[in-house]
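Subject: Structure for you to look at

Dear colleague,

I am passing on the structure we spoke about, together with notes on what turned up in it. Please read the notes with the model open beside you.

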Amino acid sequence: MKLTTLLVCDAGLDKRQTIEDLIHSQPSLALVSTVSGSMAREQIGSLHPKLVWIELSPAPVRGLSLLAELRETFPQLYFFVSYEVPDPELIRTAYRLGASDFLDAERWRTDLPAAVQSIQLKHQSESVSTAAGKVIAIFSPTGGIGATTLCTNIAGYLGKYGEACIVDLNLEPSFSLSTIDFSHTNFDATYLRNLMTRYDDKLSILAAPPELEDIGDIYAAQVQEILYTAKQEFRFTVVDLPKNLLDERAIATLDLADHVLVITEYNWAAILNARKCLDTFKAHYNQEKLLLVINRSEWLPQDVLSECRANLNYPVFHEVPNDTKTAKWVNNQGQIAPGHTALGKALDSLARRIAGGEQLLITQKDGEKRGGGFKMPAIFGKK
């Protein structure tokens, strides 16, 4: 599949030629025209590209304003943004405005292939017919707050509503995703199930490689192949993503996922990280897909809770209580939280909501009834 590409460039002939050559170097891109910023809207309307590449030189602020305008007018399009240097503020702003990737002159020759692949994967996932199964991605912008425990237990409780599996991309496993032979001529449900370990008749697990370097040969497209197959075979596929850092495999998972659970706690460091994550994710995913879950929620004065929620600036989908005793037992025994415990009840309710049993949100407003129920950058590794 070729991505028809429109280049928007006011930076002069040399820069224009350089970027055109870059586009021509990619077999998956087809340049349809190069236009000035003032002509971009009109040409998009007549040429119908799938990808718009905006060069920010010579006026970055004007270029970002154009990105915001075009993104609002043509939300179905993908946008690349380029600039001479990787200015952190420009990068943050571009992603918040909905750019799929930011390419700087120092690295665009090496980064462009991965950026194009990410767009293709996203386009493929948006074009594929919806399967019966759901993919739920678990992501925490702060490490050490129990996201993996939540992942395992959510999958366990989802098993009440249909067969579930866990795909571990968090690199802390006991058995190995690296055993997959991607040259296998028949990568189907039977082959996938043979690679999994069964917890019980409703839950199976596909763990990540035991060594970090082993995942180097597993690419984003292959992760999506696993998830496509799992989605056809399982009612729920729960993916435990790496903490703090988003790579191409994680981004491919986020794009394909039906729901992305962003996990945080009510402490200031975690709230700031979650706010940063949500601000970026909101440019790419809608509220029905992007769900905020508070783990280890403790009793706090109402004014503190209100301040925490206000700083998150996003509706809370669910809260999981700080049931330390049960969580410790769960981790030590390798079991799902018992349904009679506070942790088990909260996870049961969360699973029910994910399965479609409840639709209410916990709002940020005080006094309201609380219902129970890209390529994007590796932003959490940059300053």
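A word on burial is needed before anything else: a residue counts as buried when its relative accessible area is under 20%, as exposed when that area is over 50%, and as partly exposed in between. Asn-313 has a relative accessible area of 37%, and therefore counts as partly exposed. Asn-313 is found in the loop between α11 and β13 (316-321), and its phi is positive, at about 55°, although the residue is not a glycine. Please keep in mind throughout that this is a predicted model.

Arg-296 invites the question of where it lies, and the answer is strand β12, which covers residues 290-297. Arg-296, too, is not a glycine and yet has a positive phi of about 55°; with a relative accessibility of 34%, Arg-296 counts as partly exposed. Another backbone feature to look at is the peptide bond from Ser-57 to Pro-58, which is cis, with omega near 5°, and Pro-58 has its place in the loop between β3 and α3 (60-73).

As for the protein as a whole, there are 13 helices and 13 strands, and 53% of the 383 residues count as buried. The protein exposes about 16,900 Å², of which carbon and sulfur atoms supply 50%. Helix α9 (residues 248-256) is mostly covered, since 8 of its 9 residues are buried; among these buried residues are Arg-249 and Asp-255, as well as Ile-251, Leu-254 and Leu-256.

Next comes a helix pair. The axes of helix α10 (residues 268-281) and helix α11 (residues 302-312) come within 8 Å of each other and cross at roughly 30°. Because angles under 35 degrees count as roughly parallel, α10 is described as roughly parallel to α11. On the α10 side the contact involves Trp-268, Ile-271, Ala-274, Arg-275 and Leu-278, which meet Glu-307, Cys-308, Ala-310, Asn-311 and Leu-312 in α11. Sorted by character, the residues of this contact divide into 7 nonpolar, 1 polar and 2 charged.

Finally, the aromatic rings: how many aromatic pairs does a search of the whole structure find? The search finds 4 of them. In one pair, the rings of Trp-53 and Trp-108 have their centres 6.5 Å apart and their planes at 65°, so that the pair is edge-to-face. Trp-53 belongs to strand β3 (residues 51-55) and Trp-108 to helix α5 (residues 108-127), so the pair links distant parts of the chain, 55 residues apart. Both Trp-53 and Trp-108 are buried, and ring pairs link these two residues with Phe-80 into a cluster.

Phe-139 and Phe-281 form an aromatic pair that is tilted, with 5.9 Å from centre to centre and 45° between the planes. Since Phe-139 lies in strand β6 (residues 134-139) and Phe-281 in helix α10, this pair ties together parts that are 142 residues apart in sequence. Both Phe-139 and Phe-281 are buried.

With best wishes

How values were computed. Residues are numbered from 1 along each chain as its sequence is written. This is a predicted model: local features need pLDDT of at least 70, side-chain atom pairs count only at pLDDT 80 or more; totals for chains, interfaces and linings use all residues. Side-chain values use heavy atoms; hydrogens and water are left out. Axes are lines fitted to C-alpha atoms, for helices over the stretch in contact, and angles run from 0 to 180 degrees between N-to-C directions. Helices (H or I, at least four residues) and strands (E, at least two) are DSSP runs, numbered from the N terminus. Angles under 35 degrees count as roughly parallel, over 145 as roughly antiparallel, 65 to 115 as roughly perpendicular and the rest as oblique. Contact means heavy atoms within 4.5 Å. Ala, Val, Leu, Ile, Met, Phe, Trp, Tyr, Cys and Pro count as nonpolar, Asp, Glu, Lys and Arg as charged, and the others, Gly among them, as polar. Buried means under 20% relative accessible area, exposed over 50%, partly exposed in between (1.4 Å probe, protein chains only). Accessible areas come from the Shrake-Rupley method with a 1.4 Å probe; for residues, only the protein chains shown count as cover. Rings of Phe, Tyr and Trp (its six-membered ring) pair if their centres lie within 6.5 Å; planes under 30 degrees apart count as stacked, over 60 as edge-to-face and the rest as tilted.
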